[in-house]
Amino acid sequence: MRPTRVLWSRLSLAGFLAAFAVVIDRPLPLAGAVLVGAWILASQYSFLAALERTTCRLSITRGLPSATVHAGESTPIPIAATLAEPTPLSLEIDAGLPTAATADRDAATLTLEPDATAATATVSVTWPVVGRHRFDAARVTATDGRFVEMVATGERPTVSVASRGPRRLHVGEGGDRLASPYGAHALRRSGRGIEPAEIREHVPGDAAKRIDWNATARFATPHVREYETETTRRTLLVVDHGRSLSTGPPAATKLEYLREVMLATADRARELDDPLGLVAVDDGGVTSRLKPAATTGTYAAVRRELLAIEPTPSDPTARRAAEPPARPPTQAADGGRAERGRASAPPVEHSSSVHERPTRATARGSAWDLEGDTDPFAETLRPFYADAQRYRRLARERVLFDAVETALTATPSTSLVVVFTDDSDPAALRETVSMARANDAAVTVFLAPTVLYEPGGLADIERAADRYREFEAFRRDLGRLDRVRAFEVGPGDRLATVLEAGRERGDRR
């Protein structure tokens, strides 16, 4: 309890009267000082009694969101203070927001004037830190003009702040969740290795290089020798982060859901000491490549890359702005022709012929350099560069295939390829998986079904059920291939809605 300025003035008056009584040696001023002191004590008792009654009858409520709050979200929190009966005190109530919350603290303070019984306010609170946060007890500052006291009252509720990312992550097959951890594997298995394990008959899908010719000659039919592999498994993560992976709400896109599985797979490889590598591709080609290795630096580098990748920008110029120019600017060879809209460059050597023409160095730039040029030399070269342009377009359409093929060629000992992509190009994905199998690698595919991410994907629930059925047929076809496993990755609540719609539709039929 602290005195106010009013009380300090009364105390000063009592001290002055007592000193004056001593100076003039008269009892009357001393009696006045005693009366002032008695008044101060009575006021103090009255204030404490009123404060006790007020705190017993004061009710403070803070409305918390029913669901889990997500980091970065702004949540309105209503605050209310009510009294069973009026009080002679003036109250200022601090709602006691958690320290980690960001809000206008003044807006979270209520004022109850004497004889008032209720006050309300709504404060917008942002939660930047993930975790569980406990409110402080509400702090009530009461005053009667002479004394000021602060008391803490009320319960201390807690708020759970979750990461702003995928919600209810589902990984599984046909709606059934995956039971084993991502990347789990037995320590000893048949396959490539050093220690001989068994000889078995050749079956379709076995690579020709695995045939044991001695056993084949002995048994008169093709046989394959199996080996016990080492306890580690060389793993290559293949991450597709093209434009189609940006489908979905903010912080809950296809890529965000797949990223959770990527990180879990990478962590599992680190726990098992499996050599881990990474190839990331977008619509333009390979954006990141790390060779498999079982070192702390490699694991950390893979994790950094997985956290940093983003989908290809919707605006193609956004990507080109960050890239170096594909070729140096060129200039017309004759120097006297009109500019063709290109930046100037050092002039090339001219022919001594009267009719100037571009040299081979100039023509080698690209077919774009030959546009509008009627020179016979340019006309001769144009069809060849047109074919090159078509080849480059085809190459861009199979960036995932080329990236995996190049990586497996560079590291032929890779035993597991884990692909993270969506269902936007089934043919290209099937071709990529088949190529990886042909290189004697097991393949695991994590697929993001587009129907579970599109903003209006569930507007027509029956159509959504049909689209998911088509996706599931494709996923099962992939999973039936030898040494291939395929899983779906998506929001569990939306998947449950689609599956329920499919079951109801089947019942009606």
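**Note on the predicted model, with attention to helix α1**

1. The protein chain has an accessible surface of about 27,700 Å², and carbon and sulfur atoms hold 54% of that area. The model is a predicted one. The chain has 509 residues, 39% of which count as buried.

2. On secondary structure, the protein chain contains 12 helices and 22 strands. Taking contacts in the protein chain with a separation of 6 or more, 70% are between residues 24 or more positions apart.

3. Helix α1 covers residues 5–24, which makes 20 residues. At 1.5 Å a residue these should span 28 Å, and the C-alpha atoms at the two ends are 28 Å apart, so the expected and modelled lengths agree.

4. Which residues of α1 are buried? They are Leu7, Ala14, Leu17 and Ala21. Viewed down the axis of α1, the buried residues lie within an arc of 80 degrees and therefore line one face of the helix. The general background is that an α-helix has 3.6 residues a turn, so residues three or four places apart point the same way.

5. The cover over the buried residues of α1 includes β1 (2–3), α2 (27–57) and β10 (147–153). On the face turned away from the buried side, α1 carries the exposed residues Arg5, Phe16, Val22 and Val23.

6. A backbone detail follows the helix: just after α1, Asp25 adopts a positive phi of about 55 degrees.

Definitions and conventions
Residues numbered from 1 in each chain as written. Predicted model: local features only at pLDDT ≥ 70, side-chain atom pairs only at ≥ 80, totals over all residues. Heavy atoms only, no water. Helix = DSSP H or I, 4+ residues; strand = E, 2+ residues; numbered from the N terminus. Expected span 1.5 Å × (residues − 1). Buried < 20%, exposed > 50% of the residue type's maximum accessible area, 1.4 Å probe, protein only. Arc of directions from axis to C-beta. Contact = heavy atoms within 4.5 Å. Areas by Shrake-Rupley, 256 points an atom, 1.4 Å probe, with all protein chains shown as cover.
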